[in-house]
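Trainee: Could you walk me slowly through one part of this model, the place where the two chains touch, and then follow it into what lies around it? I would like to look along with you.

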Amino acid sequence: MATKRKAAKRSKSAKKRGASSQVLARRAVSIATNEQKSAKQRVAALAEAPLAAFGNDKDLAAVLSVLRNKDEPIAVRLGALESLQAASFSADVFAPYRGDYLATLRKVVDDPDPELRQRALGVLMRDKDGFAQQKLLDGLKNPDKALVPPEKALQLLSYDVHAEAYSVARDIVKTPPNDEARREALRLLAADASSAPMFEKLLRDKKELREIRQISASALNALNPEKLQKHAREILLDRSDYDDIKATSLTALAQFGDDESLGKDKALLESVDRLSAGKAPSKYKQSARRFLKKYDR
Amino acid sequence: MQKAVRASPMSETQFAALVDAIAADPHQREELPALLREDHSLYDERGAAAIVRMRGWVLLAIARFGVSDAALIFLLEELDTGTDAYLLAAAARALRSYPRPTGALAPFVMRALARISYRDEPVLLETYGEYAVSSASTSPVRELLTTLAWLGPNARGILRELERFRGQSGGLSRKLRIDVDRTVHAIRSGDETGKPGTDSCCATPPDGVRSVSSWPLNCRGDAEPVESITLQDDKGELITFNEFFKGQPSIVVFFYTRCDNPMKCSLTVTKLARVQKMLEAQGFGDRIHTSAITYDPAFDLPARLRIYGEDRGVRMNAHHRMLRAVDDNDALRRHFELGVNFIGSLVNRHRIEAYVLDIGGRVATCFERIHWDEQQVVTRAIELLNETQS
């Protein structure tokens, strides 16, 4: 009997909590959508609004309308987007509003504010949205139509392996608008099996930026791990290559190499020995020593 | 291993115009379903989103003059395995132009409804390639409900499930709840028995729709063109097609690890694991081979194959392997007439397909597009074993 009473009490207080969170949500939404309030107050209300608990079309429509309205302060609009994003994690509660949310995001991808554009495109691309994908590809092919910088567009397109972004990314690697775009294009191509030969070339090119060579090593590990093992060994044997690239190569061998053959590879062990005793920064020397220890050297 | 990369010769706008022209010509209309084959050259080197737009437009063109039996399988496939809002909405709308509404269609619609209800979104079906920027348009859930209402009493088999769907805590807006009520009413009206039927879990396509094809011994295509193809398994071991597939019946499914539709590759490989258990339980574990061959051999290296199989409970040993073609993926594609297409080496669209091969490595039965039944596949393989013994 006592247990029953306790359970009833618990359920009552849970209901109360649910009701009070809805009241709080409604109050927060009414502040957030009130143009008479300061932007700061409205942003704070949006951040505190437990939007996941709101359960009526009007509240959602009001917040969506803030997001859509170009006359609203941008901070409030970004706050609205953040609240909606948080709410969208409760798939069950948010599902009835998902359509309106996506339609609104598509509406604001060409907003005058660059941050809002980028964030809306980001949310849509995480959902593999065909509309956002088309806009990003159009912008890469025709920079006059670009909604975000090329490096950002490539980053967002990489969320969907099935986006037709590989050929555009290859073009950007050949004639990059800037270094960041080239780097992002290479990161995107790290999932493209036919780009493996290009990554081999980049990895072995000593004139290439170190960061690009490291991206290439990582890409090769995914696309053709045997080739990476071969190149990593050759880089370690090459006295003229850079210490940081040698350290990357060492990691590749240590993590993914064949222990038996590595342990018998005298030339390789000697070159690692040189790295551990040379003038390389201490962190690289430590890696080299760990590697040698693994093979009782 | 990879297809030569070439530019797609036709723009999407031209494609849409072509589809409209074919649909407008009564003598050509019957060719529209052929445009839904994944391996059609029109889909070469396109992104997955472009293919969604293109296939959706074909479905909607078919809807304008009525779905034939030849086209119905493509609609049911979409409803059975599709996860894209636009394609599901287009398939649901197209289905309403099928001249013979029957109860066998309802489970497909209901399953699609359950799958998309948490991912409903506005879609525009009137103009090619347009995306909705307001919720005033239709949506897959709305189209699916309208299709169930169109089926009316024919859909009473799924009535209980639809009522459960109506009763779920979230997922539906107030407007859609009203639509569900209307649909329930439409199904109930005219239903003399008034009894709700069974669930939609075990749908079979209506008569006239072919998702399984079998060939008698003397009509099977020769495996000769692929006999010497080298395959690599989940352990990195090389083996020819002949070595693995000749000498006993085999069950073969196709998949790729980067498939993002959980209703396709992931489920297919999980079902293969169940097939293996059934074979084992019936004492055929070593007498019938099973394999899952990747569509994407350039990316699906042995380690990826192994992990993908292990994660889905696939048993891997000398008789059961996850495989990739090392040298001539295109020959394999031609031999099985695979329903797949590519952008570069990456799959851009594929159907579900499972094959049962006889002891000569020849295709004896093909299960395609709609989810295959594990027991049916096992039974067919055992029949082939007996065929060789008799």
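How many residues does the contact take from chain A, and how many from chain B?

Mentor: Happy to. This is a predicted model, in which local features need pLDDT of at least 70 and side-chain atom pairs count only at pLDDT 80 or more, while totals for chains, interfaces and linings use all residues. Residues are numbered from 1 along each chain as its sequence is written, and chains are lettered from A and ligands numbered from 1 in the order in which they are written.

To your question: chain A contributes 25 residues to the contact and chain B contributes 33 (in contact means C-beta atoms, placed from the backbone, within 7 Å). On chain A, the elements giving two or more residues to this side are helices H5 (91–94), H6 (98–108) and H8 (130–141); helices (H or I, at least four residues) and strands (E, at least two) are DSSP runs numbered from the N terminus. H6(A) gives the most, with seven residues. By class, this side of chain A has 11 nonpolar, six polar and eight charged residues (Ala, Val, Leu, Ile, Met, Phe, Trp, Tyr, Cys and Pro are nonpolar, Asp, Glu, Lys and Arg charged, the others, Gly among them, polar).

Stay with H6(A) for a moment. Its axis and that of helix H3 (residues 57–68) of chain A come within 10 Å and cross at roughly 10 degrees (axes are lines fitted to C-alpha atoms, for helices over the stretch in contact, with angles from 0 to 180 degrees between N-to-C directions). That makes H3(A) roughly parallel to H6(A), as angles under 35 degrees count as roughly parallel. Among the residues in this contact are A:Leu60 and A:Leu64 of H3(A), and A:Tyr101 and A:Val108 of H6(A).

Now cross to chain B, where an open sheet of eight strands runs in the order S1-S10-S9-S4-S5-S6-S2-S3 with mixed pairing (strands pair if DSSP finds at least two bridges between them). S1 (212–214) and S3 (238–240) of chain B are at the edges with a single partner each, so one side of each has no neighbour in the sheet. From one strand to the next, the twist averages 25 degrees. Inside the sheet, S2(B) (residues 230–233) and S6(B) (residues 320–325) run antiparallel and are joined by three bridges; there, B:Leu231 stands opposite B:Ala325. Two helices lie across strands of chain B: H10 (residues 262–281) crosses S4, S5 and S6 at about 160 degrees to S4(B), and H11 (residues 302–311) crosses S2, S5 and S6 at about 145 degrees to S6(B).

Further along chain B, S7 (residues 340–343) pairs antiparallel with S8 (residues 346–350) over four bridges. Both faces of S7(B) are covered, with B:Val340 and B:Phe342 buried on one side and B:Asn341 and B:Ile343 on the other (buried means 20 or more other C-beta atoms within 10 Å, exposed 12 or fewer, partly exposed in between, with C-beta atoms placed from the backbone). In the hairpin of S7(B) and S8(B), B:Gly344 has a positive phi near 65 degrees. In the loop between H12 and S7 of chain B lies B:Glu337, whose phi is positive, about 50 degrees, although it is not a glycine. With 14 C-beta neighbours inside 10 Å, B:Glu337 counts as partly exposed.

Definitions and conventions. Parallel < 35°, antiparallel > 145°, perpendicular 65-115°, else oblique.
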